[in-house]
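Colleague: Please take a close look at the metal site in this model. Walk me through it step by step, and then show me what lies around it.

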Amino acid sequence: MTAPVAKLSFWGVRGSTPTVDPSTWRYGGNTPCLELIAPDGTQFILDCGTGLRMLGNRGTSPSRGGSPETHIFVTHYHWDHIQGIPFFAPLYSENNEFHFYSFRSKCLGRDSLKQVFEAQMAVPYFPVDMSAMNARRKFREVDGGETFRIGENKITAGWLNHPQGCLGFRIETPAGSVVYATDNEPGDAKLDKSLRELAAGADIFINDAQYTPEQLAGTRRGWGHSSWLDGTRIAREVDAKTLVLFHHDPDSTDRMVDTILKHAREEFGSVYAASEGMVITLGSPGERVEAHMPGSRTALRREAHFRVHVCGITEGGHPFEEDSVVKDLSLQGALIALKNSPRLQSELQVTIETPGVNGMQQMQLRGYVVRIDNVAERDHTAVGVVFTD
Ligand SMILES: [Zn+2]
Ligand SMILES: [Zn+2]
């Protein structure tokens, strides 16, 4: 019998507003949307930011035995968590059925999420009215502290400290537990406790990391967000296995998120910065984290065969040096065959040997691991690197 496996995909990781600045492309500019496929085939969607559009356009539904069933959790009603709804193509097909979960907002009252649907698609803000949405939609109100089951999975909701309220969700699957705690700020004793209870012992703890500790101590206090330092503290306190830094500030460039990640890794052993396209597999041997980069991001690629020397850190945290070859090369990055398996998002020093006018020349580059192909070629792994200088 094979072990149960759950797959967590990041479709949108940016907070507050989508970004299209090239300096934010590596981590991605779509607002929050995650997908978790549980071992029993149940599809969970966490938040409906602009990442939801791409999830809907994927075309293929996950392989599962019974009829398509998707459960969508909306943490709160700020724009960045709902703005993908009108652009989610599967909502326009009558063959689909969606179960929505969210809380009763003090501002909206009964049927809060239903009202959000209608308000979003009202004239003059949107060209098509609600009647075009033919999929069956069921709405359920959830309160903090509530626990319920969907298939083999146990769901717990918990209140978080955020203006107008926000729910965190804990999903326990037979392959492991995922806690999604976006949009929250430390400083309210009762809600700080609620967050810790939700995150206790989680395999994957996704926490708001919009600001640096310095920003949070200054003008950003009271805006409803956390820093990476809050995440590492809580992860250590509650014994979470892996921390994922989430809801990156729209003004944080990729280089700034790299720095945030570096600081966080000095405080806690297993940390990733959420990036669009990142996939975390739970329950597989070694709890491997995989990622892919959409082709459009890698620009024109050319097959290559340059000798290369690589220094980095393995998934297990050990330094390595290795001679290898570059398999393909673009202006932004390279695909390198390595025997060592570096950690996703870790820094690599790459020295490429290229033919120059006076014989071989060495090109020193620094980059980050953005992709690890587990389709091994003999005993090698194909490692995708984006160069930062
Ligand atoms: Zn948000
Ligand atoms: Zn918010």
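Modeller: Start with the zinc ion (ligand 1). Its protein donors are D80 (OD), H81 (NE2), D183 (OD) and H247 (NE2), and they lie 2.1 to 2.3 Å from it. A donor here is an N, O or S atom within 2.8 Å of the metal (3.2 Å for Na, K and Ca); water is not among the atoms, so sites may look incomplete. Keep in mind that this is a predicted model: local features need pLDDT of at least 70, side-chain atom pairs count only at pLDDT 80 or more, and totals for chains, interfaces and linings use all residues. Residues are numbered from 1 along each chain as its sequence is written, chains are lettered from A and ligands numbered from 1 in the order in which they are written, and side-chain values use heavy atoms, with hydrogens and water left out.

Now the geometry. The four donor atoms around the zinc ion (ligand 1) subtend angles of 91 to 165°, so the arrangement is irregular. The rule is this: four donors are tetrahedral if all angles lie between 85 and 135 degrees; four are square planar and six octahedral if opposite donors are over 155 degrees apart and all others between 65 and 115; anything else is irregular.

Where do the donor residues of the zinc ion (ligand 1) sit in sequence? Their spacing is D-H-x101-D-x63-H. H81 is in helix α2 (residues 79-82), while D183 is in the loop between β10 (176-181) and α4 (189-199), so this pair ties together parts that are 102 residues apart in sequence. Helices (H or I, at least four residues) and strands (E, at least two) are DSSP runs, numbered from the N terminus. H81 has 0% relative accessibility and therefore counts as buried. D183, at 1%, counts as buried because of its low value too. Buried means under 20% relative accessible area, exposed over 50%, and partly exposed in between (1.4 Å probe, protein chains only).

There is a second metal. The zinc ion (ligand 2) is 3.5 Å from the zinc ion (ligand 1), and D183 coordinates both. The protein donors of the zinc ion (ligand 2) are H76 (NE2), H78 (ND1), H162 (NE2) and D183 (OD), at 2.1 to 2.4 Å. Its four donor atoms make angles of 89 to 177°, and this site is irregular. Along the chain, the spacing is H-x1-H-x83-H-x20-D. H162 and D183 link distant parts of the chain: H162 is in the loop between β8 (153-160) and β9 (166-173), D183 in the loop between β10 and α4, 21 residues apart. H162 is buried, with a relative accessible area of 8%.

Look at the backbone of D183 next. Its phi is positive, about 45°, although D183 is not a glycine. Most residues other than glycine have a negative phi, and most peptide bonds are trans. D239 also has a positive phi, about 65°, and is not a glycine. It lies in the loop between α6 (228-238) and β12 (242-246). At 58% relative accessibility, D239 counts as exposed. For the peptide bonds, turn to V123 and P124: a cis bond joins them, with omega about 0°. P124 is in the loop between α3 (112-120) and β6 (136-141).

Go back to D80, one of the donors of the zinc ion (ligand 1). Its backbone oxygen lies 3.2 Å from a polar atom of the T31 side chain. T31 is in the loop between β1 and β2. T31 is buried, with a relative accessible area of 0%.

That loop leads into strand β2 (residues 33-37), where five of five residues are buried. C33, E35 and I37 point one way from β2, and L34 and L36 the other way. In a regular strand the side chains alternate between the two faces of the sheet. Strand β1 (residues 6-12) pairs with β2 in the antiparallel sense over five bridges. Two strands pair if DSSP finds at least two bridges between them. L8 stands opposite L36 in β2. β2 also pairs with strand β3 (residues 43-46), in the antiparallel sense over four bridges. There, the bridge partner of L36 is F44. The hairpin of β2 and β3 has five residues between the strands, and G41 takes a positive phi near 90° in it.

Note on methods
Polar contact = N/O pair within 3.5 Å; in protein donor to acceptor, adjacent residues only side chain to side chain.
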